[in-house]
Amino acid sequence: MPSLTLWPLPMHFPARLIQLRKAADMTQHHLGEAASLHVNQIRRYEAGTAQPTLDALIRLAKALHVSLD
């Protein structure tokens, strides 16, 4: 019988950001402060109405203690 490999579906950035923020027990405001970003920008990222720059991605990753991978 052939082996079956299941690949997880890629999670979209807004959903992943929300998941990571909640796992870190952070509010949008706290994440904004930790990443030196305005809370409105965090809201836009989570709503999917804005895409972060590379600099913002690096800041978010550091604030959430994750890699960009």
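This tour moves through the structure by a series of selections, with a note on what each one shows.

The model is predicted, so local features are described only where pLDDT is at least 70 and side-chain atom pairs only at pLDDT 80 or more, while totals for chains, interfaces and linings use all residues. Residues are numbered from 1 along each chain as its sequence is written, and side-chain values use heavy atoms, with hydrogens and water left out.

**Helix H1**

Select residues 13–23, which form helix H1; helices here are DSSP runs of H or I with at least four residues, numbered from the N terminus. Colour Pro14, Leu17, Leu20 and Arg21, the buried residues of H1, where buried means under 20% relative accessible area, exposed over 50% and partly exposed in between, with a 1.4 Å probe and protein chains only. Looking down the axis of H1, you will find these buried residues within an arc of 130 degrees, so they line one face of the helix; the arc is taken from the directions from the helix axis to the C-beta atoms. Turn to the face of H1 away from its buried side, and the exposed residues Lys22 and Ala23 appear.

**From H1 to H3**

Keep Arg21 and add Glu46: the two form a salt bridge whose closest N and O atoms are 2.5 Å apart, a salt bridge being a side-chain nitrogen of Lys or Arg within 4 Å of a carboxyl oxygen of Asp or Glu. This pair links distant parts of the chain, with Glu46 in helix H3 (residues 39–47) and Arg21 in helix H1, 25 residues apart. Both Glu46 and Arg21 are buried.

Next select Phe13 and Tyr45. One aromatic pair is counted in the structure, and Phe13 and Tyr45 form it in an edge-to-face arrangement, 6.5 Å centre to centre with 75 degrees between the planes. The rule pairs rings of Phe, Tyr and Trp (its six-membered ring) if their centres lie within 6.5 Å, and planes under 30 degrees apart count as stacked, over 60 as edge-to-face and the rest as tilted. This contact too links distant parts of the chain, from Phe13 in helix H1 to Tyr45 in helix H3, 32 residues apart. Phe13 is partly exposed at 27% relative accessible area, whereas Tyr45 counts as buried at 4% relative accessibility.

**Helix H4**

Move to residues 54–64, helix H4, and select Ala56, Leu60, Ala61, Ala63 and Leu64, which are buried. They cover an arc of only 165 degrees around the axis, which puts them on the same side of H4. On the other side of H4, Leu54 and Lys62 are exposed.

Within this helix, show Asp55 and Arg59, whose salt bridge has its closest N and O atoms 3.0 Å apart. The partners lie four residues apart, about one turn of the helix. Asp55 counts as partly exposed at 43% relative accessibility, and Arg59 counts as partly exposed at 32%.

**Two backbone stops**

Select Ser36 in the loop between helix H2 (28–34) and H3; its phi is near 55 degrees, a positive value in a residue other than glycine. At 54% relative accessibility, Ser36 counts as exposed. Then go to His65 in the segment after H4, where phi is near 60 degrees, again positive in a residue other than glycine. His65 counts as exposed at 75% relative accessibility.
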